[in-house]
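Me: I am new to this structure and would be grateful for a close look at a single part of it. Please take the sheet and its surroundings.

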Amino acid sequence: MPEQYKHLRIRRVENVNERRRGGGFGGGVPPEDVPEFARRLTQGLDRAREKAAEQEPGFDPRYLIKVKVENLKSDELENIDGIQVVSQEEKALVISFVSEEGLNEFKYRLSQLARGEKASRPDIIFAVKGFDNLTPEDRTGPALRREGVPGGDTFVLDVELWPLNRGPDRDEMMRYFAGWLAKKGGAIIDSVNQETIILYRVRVNRQFLDAILRERDVRLVDLPPRYQMDISLVHLPLGDISAVVPPPDNAPGLVVLDSGLTTGHPLLAPAVGDSQSFLPGAGPEDEHGHGTMVAGLALYGDIWRQAEERRFIPQFRIFSGRITDAENVNDTGFVENHVMDAVKYFVDNYGCKIFNLSFGDRRKPFAGGHVRGLAAVLDTLARQHQILFTVSAGNFEGEEDYPADWRQEYPDYLLREEARILDPAPALNVLTVGSLARYEVPRMAQRFPKDPGYQPIARQDQPSPFSRSGPGPGGAIKPEVVEYGGNWFIDLRTVGSGPRGDRELGELSTCHQFAGGNLFAIDSGTSFAAPKVAHLAALLLKEYPDASPDLLRALILAHSRHPAAASSLDQSKLFQLMGYGKPDWESAIYSSERRVSLVAEDTIGEDQHHFYEIPIPDDFFGPPVRRQRRISVALAHTLLVRRTRIEYKGSTINFKVVKAKNIDQIMRVFRRTKKDDREDNLPEYYKFQPGGTAREKGTAQSSTWQSERIDARWDGNRLFVVVTRKVPPWAAGMVANERYALVM
């Protein structure tokens, strides 16, 4: 093994340049026939007003109206008195509370335009393309739309209200809704009241559903999530192993939020720091088994290898927060509340920085638009506590009519909308983890090695046949990384049968029913890929105790690669299914003589540039023989979010790799100056992939250039990394300096 070194710190060039700001949306363009445009809008506004009056009333007399806009930031509408934007559901659709005074003011300005007169802020009027109303269909969530109304006289729903800013309106809306619900015969089971989300879990009767779908203050109605995995555990006994020595007292902690933990398991007990239940009425023990399997992988990483060696050496402490019941579901209240309580407990009492969540709501694949539910909560918690979450992408188990042939249609069926990542995987401030297949030969094929009937769906190092795909919010690359999580196979003789393999081609981990004689169990799922990445993050934190969560994410991405077995996929499919690839654990943790990582952590102001030079050694370029050369750059930051607008991100920090003679040439280009005085732009060095447009949509991003032969030193050119922070108008002044981590 080559000698290992800790990664090196690198300083940026001291110069800081102000970014050139764009001109923004700028409002609408005057139509050819302004009077006719104004008359048409007036008629549409009158119709929307009439329809709005037919809704179930809200906490105040204002109307709820859809405003269709083009080339207009939603905040601009609030320049008209009496209009309050409560959400932007998509780029061209704004939802607003509008008072009688606001309607009259809008109509007055339209009447001025209809008469050929000038009106105040005509740019706002010209950007409005029409009005509409929110219908019960608009308020019906994806699971309720797909599965229909549950049977029985009463049933449970999740009802989301408009996320008004904290203050009297928000408080009054919540009080009114609770009273209105009680009068209708409904009952509140639990609620979530966070800055970005107001959510109630309620029990109602069938007759009441229509009223809820028409209530003005209701944003979305859906069936409760089912954060569960249908796991059939297969126990695999192993021989005696050497005694497990507890980790040192100063070892970092890793928290598994799951179904609990069997703390007496002989491989886990020496490393257990604390095990708590955040599920009302339940203890911390694992009655299901999922949490104990996830915890084993989080603590040891690759259990199969250590089981073969009969040696288990825990390097950090494992903590457990129980948030699901014996069926690995949560019917007592919101998982969001339990996660928030658990995070606060383990951060306050133990200073834990790494958390793993291996669950998702399979009925709600991410279809774009807003970040909802638990994902929004994780984004806020990650920034508030400066912690790292690893989250599983979720499992795709097929639909009624597809795939008709799992093996032949693989992996294209994973790219359909129904196979997109599940909440909370869309969260931007987390590492979302997909799954790779490791094993190909099921047990029956081992017994009958000449029989070709047992065929794996995926081959080794290809995406698991159940691993879900991206993209994430705004086209962000999701999942960011993949790890081994299992495989499925097909018996070609059984026509029409589904895939098999949970018990055959899964990952080995600790079994909660060890008292029966089996220390281990096998199962498949992205649930068992995510804790391996959490394990790597904990190893990094052990080696670099002062590293921020951003640096941990950047190190993992900078050292992730797409396995050769996946090379048949085109680039778009690669990044949708596998993100930046599978982490190389050794290179992520240590540098060597032939492989050096340079790291930097800094803060950057609003609309500024930072500059770094990549110090490439001479022997990188020669001698001119064919050998693998690679440069990777990765960046991560934990952003401020808001959920009431399509602009969810409070800032964007990205990087650009450029080739130039010297830093002065870079500085002349990346500066704020008058348009006539600007230098020609420097394009990103094209050999780095993925390009900036694709990667900057996420908060953890990476790009790599690799080549087997470099003959010249580019005529004296050098490589520079330009880090840029952009802040949208709504977030201006909220965060003066934003933290980020850079790895080269």
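In what order do the four strands of the open sheet lie, and is their pairing parallel or antiparallel?

Reply: The model is a predicted one. Its open sheet of four strands follows the order S8-S9-S7-S10, and the pairing is antiparallel. At the edges lie strand S8, residues 187-194, and strand S10, residues 218-222; each of these pairs on one side only. From one strand to the next, the twist averages 20°.

As general background, the strands of a sheet pair through backbone hydrogen bonds, in either a parallel or an antiparallel manner. Within this sheet, strand S7 (residues 154-161) and strand S9 (residues 197-205) run antiparallel and are joined by eight bridges. One position may serve to locate this pairing in the view: Asp-158 stands opposite Arg-201, the latter in S9.

Two helices should be viewed together with the strands. Helix H6, formed by residues 168-183, lies across S7, S8, S9 and S10. The direction of H6 is at about 10° to S9. Helix H10, formed by residues 335-350, lies across S8 and S9, and the angle at which H10 runs to S8 is about 50°.

In summary, the strand order is S8-S9-S7-S10, S8 and S10 are the edge strands, and both S8 and S9 have helix H6 and helix H10 lying across them.

Terms used. Residues are numbered from 1 along each chain as its sequence is written. This is a predicted model: local features need pLDDT of at least 70, side-chain atom pairs count only at pLDDT 80 or more; totals for chains, interfaces and linings use all residues. Side-chain values use heavy atoms; hydrogens and water are left out. Two strands pair if DSSP finds at least two bridges between them. Axes are lines fitted to C-alpha atoms, for helices over the stretch in contact, and angles run from 0 to 180 degrees between N-to-C directions. Contact means heavy atoms within 4.5 Å.
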